[in-house]
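Visitor: I'd like a close look at one part of this model, please. Could you pick the barrel and walk me round it, strands first and then the residues packed about them?

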Amino acid sequence: MSVWLDDISRDRLRTGNLQSLIDDYHVVGVTSNPTIFAKALSAGSAYDDQVADLKIRGVTVDEASRAITTYDIRWACDVLRPVYDATGGLDGRVSLEVDPRLARETEKTIAEARALWWLVDRPNLLIKIPATREGLPAITQCISEGISVNVTLIFSLERHAEVIDAYMAGLEQAKAAGRGLSQIRSVASFFVSRMDTEVDARLDKLGTPEAAALRGKAAVANARLAYELFEKKCAEARWQALAAAGANVQRPLWASTSVKDPSFGDTKYVIELVVADTVNTMPEGTIKATADHGKLLGDTVHGTYDASRQVFTDLEELGISYDDVVQVLEDEGVSKFEASWTELLDTIKTNMGL
């Protein structure tokens with residue numbers, strides 16, 4: 001399992017903090033999202049000089065946001081390039097998300113992904129595309145063009161299956177066009193802790209002993225079943241043909257792994273999801289907590305599938321609908337990233353004096 005940092009800022013890059021996490025905590029990748037960039041822009045003065053130059057040049061706020069974020073991502077890609085080279089492209093990856101306001105627009109998502117891929121111009125980049133219904137064909141198109149993709153905001157098993165199929169379709173199109181498959185990479189970001197946040201709130205409203213017994217179980221069970229799905233897809237003849245042509249598996253990436261409920265252990269979403277061919281992207285606090293006191297027990301996923309299915313059977317019996325939960329989470333996820341992007345643009349606008 002690969003450890004990636006779920007954060008990026010210019011201060012991390014300037015101070016060498018990212019390099020120290022690589023050296024001392026085995027960090028081998030970085031993910032970013034609109035919330036992370038909004039936070040970075042609003043803190044300190046690291047971006048002041050670039051913002052001032054952008055103002056003098058008279059660029060739009062949208063173009064300023066691309067210039068600012070791609071600068072950090074290029075820098076992070078360069079810091080992680082030795083890891084990329086040492087692992088043959090498996091790790092050393094840095095993710096940059098398309099404008100989340102485009103999450104429901106396929107063609108605009110594709111165009112933005114192409115633009116970001118060109119602007120960063122680093123082989124270890126991953127373009128993040130939300131796993132909305134409209135995002136699926138965008139994933140296929142980008143993969144077919146050789147753009148490596150981090151598929152984000154996956155909450156349901158059904159959508160995870162569609163994401164894997166979209167990846168394979170893109171690889172098939174790339175192969176048909178004569179493009180080599182070995183340099184194309186993808187991860188499927190399956191969100192973890194938010195599942196418990198939503199389900200546990202519904203359980204707390206029920207207030208019964210049966211409900212209390214299920215608190216904190218849904219997120220890990222959901223992720224474990226996502227891994228079972230990944231294994232089943234990898235065993236299909238369709239995937240085997242692509243693998244024989246040099247394709248790389250789309251690794252499950254456990255996202256949103258910081259613990260939101262203080263009654264849970266702070267390494268819960270790390271130690272309970274340890275299994276091969278995965279990534280766990282964590283904020284720095286979770287990385288250091290795991291290094292300090294995480295009780296790693298080896299593979300904690302295989303052998304849990306039946307028990308994981310039982311968790312959702314029990315939830316359904318209490319009237320908690322899996323389909324409703326995951327739809328709420330997807331809608332909220334898109335909305336939250338849109339709000340963060342708006343906050344980012346507003347911060348840039350203020351700093352540019354517009």
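Guide: Here is a walk round the barrel, from its strands to the side chains and loops beside them. Keep in mind that this is a predicted model.

Let's start with the strands. Eight of them make a closed barrel in the order E1-E2-E3-E4-E5-E6-E7-E8, and the pairing is parallel. On average, neighbouring strands in this sheet are turned by 25 degrees against each other, ignoring direction. As a reminder, strands of a sheet pair through backbone hydrogen bonds, either parallel or antiparallel.

Zoom in on E1 to E3. Strand E1, residues 2–6, pairs with E2 in the parallel sense over three bridges, and Asp-6 stands opposite Thr-31 of E2. On to the next pairing: E2 (residues 27–31) and E3 (residues 93–97) run parallel and are joined by two bridges. There, Gly-29 has Arg-93 in E3 as its bridge partner. As for burial, E2 is mostly covered, with five of its five residues buried.

What lies across these strands? Helix H5, residues 61–86, lies across E2, E3 and strand E4 (125–130), and it runs at about 160 degrees to E3. A good residue to stop at is Tyr-84, which sits in H5. With a relative accessible area of 8%, Tyr-84 falls under the 20% limit and so is buried. Leaving out residues up to four places away in sequence, Tyr-84 touches Gly-89, Asp-91, Gly-92, Arg-93, Pro-123, Asn-124 and Gln-183. You'll recognise Arg-93 in that list as the bridge partner of Gly-29. Another way to place Tyr-84 is by its distance to Ser-95: the two are eleven residues apart along the chain, and their C-alpha atoms are separated by 13 Å.

Now go round to Ser-156, in the loop between strand E5 (149–154) and helix H8 (157–176). Ser-156 has 12% relative accessibility, so it counts as buried. A polar atom of the Ser-156 side chain lies 3.0 Å from the backbone nitrogen of Arg-159. Setting aside residues up to four places away in sequence, Ser-156 touches Phe-190, Tyr-322 and Val-326.

Phe-190 leads us on to the aromatic rings. The count of aromatic pairs comes to six. In one of them, the ring centres of Phe-190 and Trp-254 are 6.5 Å apart and the planes stand at 85 degrees, so the pair is edge-to-face. Phe-190 belongs to strand E6 (residues 186–191) and Trp-254 to strand E7 (residues 251–255), so this pair ties together parts that are 64 residues apart in sequence. How covered are the two rings' residues? Phe-190 is buried, at a relative accessible area of 1%, and Trp-254 also counts as buried, at 0% relative accessibility.

For another pair, look at Tyr-227 and Phe-230, which is tilted: the centres are 5.3 Å apart, with 50 degrees between the planes. These two residues are three apart in helix H11 (residues 218–234), so about one helical turn separates them. Both Tyr-227 and Phe-230 are buried.

Next comes the nonpolar packing. In soluble globular proteins, nonpolar side chains tend to be buried together. Here the largest nonpolar core has 115 residues, and the ones with the most contacts inside it are Leu-18, Leu-171, Met-195 and Leu-315. Take Met-195: not counting residues up to four places away in sequence, it touches Phe-155, Ala-218, Ala-219, Asn-222, Tyr-322, Val-325, Val-326 and Leu-329. Tyr-322 and Val-326 came up earlier, as contacts of Ser-156.

Last stop: two loops with backbone angles worth checking. Most residues other than glycine have a negative phi, and most peptide bonds are trans. Ser-256 has a positive phi, near 55 degrees, in a residue other than glycine. You'll find Ser-256 in the loop between E7 and helix H13 (268–271), where it is buried at a relative accessible area of 11%. Asp-277 also has a positive phi, about 60 degrees, although it is not a glycine. The loop that holds Asp-277 lies between H13 and strand E8 (279–282). At 44% relative accessibility, Asp-277 counts as partly exposed.

How values were computed: Residues numbered from 1 in each chain as written. Predicted model: local features only at pLDDT ≥ 70, side-chain atom pairs only at ≥ 80, totals over all residues. Heavy atoms only, no water. Core = buried A, V, L, I, M, F, W, Y, C linked by side-chain atoms within 4.5 Å. Buried < 20%, exposed > 50% of the residue type's maximum accessible area, 1.4 Å probe, protein only. Contact = heavy atoms within 4.5 Å. Helix = DSSP H or I, 4+ residues; strand = E, 2+ residues; numbered from the N terminus. Polar contact = N/O pair within 3.5 Å; in protein donor to acceptor, adjacent residues only side chain to side chain. Pairing = 2+ DSSP bridges. Axes fitted to C-alpha atoms, helices over the stretch in contact; angles between N-to-C directions. Phe/Tyr/Trp six-rings, centres within 6.5 Å; stacked < 30°, edge-to-face > 60°.
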